[in-house]
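Here are a few worked exercises to try with the model open in your viewer. Have a go at each task before you read its solution.

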Amino acid sequence: MARERAGGGGLGPGAGGGARRARRLPTGVAHAAGRRCGGVRWCLLSPQAEVEETLKRIQSHKGVIATIVINAEGIPVRTTLDNSTTVQYAALLQQLVMKARSTVRDIDPQNDLTFLRIRSKKHEIMVAPDKDYLLVVVQNPCE
């Protein structure tokens, strides 16, 4: 693996590669494999570990009620909600995102949907669509 200088040294984002991505962690923090990083400034995290870390960080925000990851077929693959509520959110939001994306492209074929935010009296639903997945975050709107 090629070493590149990034900031203060070590492996930076985009250095070396394949399926793993360099991620800056504070010195001494344990990474996904359970090993300690000691004095190393950069650790390589697997994509799965990075997803886990990101979902935990989002879920820890004040007011966040739930997170759901939905695959391209509309099937929930990760959730913090009960099964029936998750299935309901997944089915309805998949359809809504497809319609919103279609609307954005009808207006400008060079454009694409990057984020969808729905605010109601009870909840705020934020959807970040990607090529293969939807990330859904449900939170209290007043927090």
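**Exercise 1. Find the largest nonpolar core and say which elements build it.**

Step 1: Pick the buried Ala, Val, Leu, Ile, Met, Phe, Trp, Tyr and Cys residues and join them through side-chain atoms within 4.5 Å; that is what a nonpolar core means here. "Buried" is under 20% relative accessible area, "exposed" is over 50%, and "partly exposed" sits in between (1.4 Å probe, protein chains only).

Step 2: The largest such core has 15 residues, and I125, V127 and V136 have the most contacts inside it.

Step 3: Sort by element: β3, α2 (83-107), β6 (124-129) and β7 (133-139) each supply at least two core residues. The largest share, five residues, is from α2. Helices (H or I, at least four residues) and strands (E, at least two) are DSSP runs, numbered from the N terminus.

Step 4: Zoom in on V136. Skipping residues up to four places away in sequence, V136 touches A66, T67, I68, I70, L93, I125, M126 and V127, where contact means heavy atoms within 4.5 Å. As background, nonpolar side chains tend to be buried together in soluble globular proteins.

A note on the input: this is a predicted model, so local features need pLDDT of at least 70 and side-chain atom pairs count only at pLDDT 80 or more, while totals for chains, interfaces and linings use all residues. Residues are numbered from 1 along each chain as its sequence is written, and side-chain values use heavy atoms, with hydrogens and water left out.

**Exercise 2. Work out the surroundings of two residues of β3, T67 and N71.**

Step 1: T67 has a relative accessible area of 6%, so T67 is buried. The T67 side chain makes a polar contact with the side chain of Q59 at 3.4 Å. Such a contact is a pair of N or O atoms within 3.5 Å; within protein, one must be able to donate a hydrogen and the other to accept it, and residues adjacent in sequence count only if both atoms are side-chain atoms.

Step 2: Beyond four places in sequence, the contacts of T67 include L55, I58, R78 and V137.

Step 3: N71, in β3 (residues 64-71), comes out at 13%, so N71 is buried. Its side chain reaches the backbone nitrogen of I75 at 2.9 Å. With neighbours within four places left aside, N71 is in contact with V77, Q94, D132 and Y133.

**Exercise 3. How many salt bridges does a search of the whole structure find, and what does the one between R78 and E52 tie together?**

Step 1: Look for a side-chain nitrogen of Lys or Arg within 4 Å of a carboxyl oxygen of Asp or Glu. The search turns up four salt bridges.

Step 2: In the R78 and E52 bridge, the closest N and O atoms are 2.4 Å apart. R78 lies in strand β4 (residues 76-79) and E52 in helix α1 (residues 47-59), so the pair ties together parts that are 26 residues apart in sequence. R78 is partly exposed at 33%, and E52 is partly exposed at 25%.

Step 3: Now try R117 and E124, whose closest N and O atoms are 2.5 Å apart. R117 is exposed at 54%, whereas E124 is buried at 3%.

Step 4: Finish with the network: salt bridges that share partners join R101, R105 and D112. Within it, D112 and R105 meet at 3.3 Å, N to O.
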